[in-house]
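Student: I am new to this structure and would like a close look at its strands. Please take me slowly through how they pair, and then through a few residues in and around them.

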Amino acid sequence: TEDEGVTNETAYRTSGFKDWYSLTGSTGSSAGVNTAYTVTAAGASGWTFSAGGVSKTITLPSAADGELRASYTLSGPSKLFVRFGLSPNLLDLMMRGHEGLTSEVIEGTRASVANASGSEVIRAWVEAPQINSAAVDTAAVTTVQRRNQAQTHQVEVELTGAGPHLVTLGFDGGSDTPTDPFVEYMDDFFPDETDPSIVGPEADPDNDGLTNRQEHILGSNPDDASSGRPRVTATHDGDTFRIEFPTVSGRTYRVIGCDSLSSGGWTEVTNLQQGPGLSSSNPVIGDDSTKVVVEHGLDGKNARFYQVEVELAP
C-alpha cells in the first residue's frame, strides 16, 4: 500500500505537505491523509490540490532556490496540522541510519534537521506560521520523538483560520550565513557574470527601463526585454470593478485605487467581493497564477483607476 497511515500506530511513512489532522469546530478528522485530491495546474511551476475544504498550491519557483512553497487556504476546517518527513541526506540515512542526523532545531517559525556525511552537510527545514514542537508519535516505541519511521524525522506545523498560509519546505548546506536574495536571483540568469554594469542592482542589461533590482522584485527576467511589469486589466460592470493580473511566487501584490488621477488619493482596495476564483484578501500572495480582485459597492462611479504594488514576500 502507498497509504501513509492515519494514526501514530499506522503512520508507515510521512512524505511532505501531509495533511495529518484537521479540526472543524470540535470535530477532528485524519481523513485527509490518504484522500485523492483534485489537482489543477497553477501557472508554469506548480499545482493546486483541493479536497475536504483544504486547498494548497505548491510551487517550485526556481530549481536553484531549493524550496517548495505552498499557499494553504481552509474553507472547511478551522485548523489543520500538516506533517513533513525530513530526510536531508537520504543516502547517508540509508547507510548509517540516524547516526549523522542532528537533533531538531526550532528557531521561531522554522524547524530543521541536518545530516552530515564526511565533509558534506545537508539541512532540511520547514517554515510555517506555527511549528508544533509538542507533536508526538507512538509513545514508548522510539527514543527520539517523531523518529518512529525509517530514515525520517517528522516536523508538524499548525495552520489556524482561513488563510492564506505560506508553508515552505527547503534544503540547504547547513549554513546560517545570510545571503543576498538579489545576488542569488541574478545568479539564475547570469551564473558566471561579475560585471556590475550587467548584474549590479541599478543596471539594465536588457534595456527595458527596469533596473535589475526592480526585475528581482517583479520576478521578471533581467535578460529579456519582453519580460517586465505584469499586465493589469480592469473591467467595469455596474457598481463592480474587476482587476486581473498575473503573479509570481515569493511576491505579494497590493491593489490600490482612486477616483481621479488629477486629485490622487490612492487607497488600498478593501471592499472585496467574495466568490470562487476570487482573491479574498489584499495584499494577494503570488503563486505563479493569475489573480482576480473584485471591488464592489461603488454606486455612481463612472471611472476608477487602479495600481498594483509588488514587493518581495517576507
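Tutor: Two strands pair if DSSP finds at least two bridges between them. The elements themselves are DSSP runs, counted from the N terminus: a helix is H or I over at least four residues, and a strand is E over at least two. This is a predicted model, in which local features need pLDDT of at least 70 and side-chain atom pairs count only at pLDDT 80 or more, while totals for chains, interfaces and linings use all residues. Residues are numbered from 1 along each chain as its sequence is written, and side-chain values use heavy atoms, without hydrogens and water.

Let us begin with a hairpin. Strand β13 (residues 233-237) and strand β14 (residues 240-246) run antiparallel and are joined by five bridges. Ala-234 has Ile-243 of β14 as its bridge partner. Two residues lie between the strands of this hairpin, where Gly-238 takes a positive phi near 65 degrees.

Next comes a sheet. Four strands form an open sheet in the order β2-β1-β7-β11, paired antiparallel. Which strands stand at the edges? They are β2 (27-29) and β11 (153-160); each has a single partner strand, so one side of each is left without a neighbour in the sheet. Direction ignored, neighbouring strands here are turned by 15 degrees against each other on average; the axes are lines fitted to C-alpha atoms (for helices over the stretch in contact), and angles run from 0 to 180 degrees between N-to-C directions.

At the β2 edge, three bridges hold β1 and β2 together in the antiparallel sense. Thr-24 stands opposite Thr-27 in β2. Ser-29 also belongs to β2, and its relative accessibility of 30% makes Ser-29 partly exposed; buried is under 20% relative accessible area, exposed is over 50%, and partly exposed is in between, with a 1.4 Å probe and protein chains only. Beyond its neighbours within four places in sequence, Ser-29 is in contact with Trp-20, Tyr-21 and Ser-22, contact being heavy atoms within 4.5 Å. A polar atom of the Ser-29 side chain lies 3.0 Å from the backbone nitrogen of Ala-31. Ser-29 and Leu-80 are 51 residues apart in sequence, yet their C-alpha atoms are 9.7 Å apart in space.

At the other edge, Glu-158 is found in β11. Is Glu-158 buried or exposed? Its relative accessible area is 11%, so Glu-158 is buried. The side chain of Glu-158 makes a polar contact of 3.1 Å with that of Lys-79. A polar contact is a pair of N or O atoms within 3.5 Å; within protein, one must be able to donate a hydrogen and the other to accept it, and residues adjacent in sequence count only if both atoms are side-chain atoms. Leaving out residues up to four places away, Glu-158 touches Lys-79, Leu-80, Phe-81, Gln-130 and Asn-132. Between Glu-158 and Ile-131 there are 6.2 Å from C-alpha to C-alpha, although they are 27 residues apart in sequence.

Now look at the stretches beside these strands. Thr-14 lies in the segment before β1 (18-24) and is buried, with a relative accessible area of 6%. Its side chain is joined to that of Lys-18 by a polar contact of 3.3 Å. Farther along the chain, Pro-164 lies in the loop between β11 and β12 (165-172). What kind of peptide bond joins Gly-163 and Pro-164? It is a cis bond, with omega about 15 degrees. Most residues other than glycine have a negative phi, and most peptide bonds are trans. Asp-288 is not a glycine, but has a positive phi of about 70 degrees; this residue lies in the loop between β17 (284-285) and β18 (290-295).

One more strand is worth a visit. Thr-48 sits in β4 (residues 46-51) and counts as buried at 15% relative accessibility. The side chains of Thr-48 and Thr-57 make a polar contact of 2.7 Å. Leaving aside neighbours within four places in sequence, the residues in contact with Thr-48 include Thr-38, Val-39 and Lys-56.
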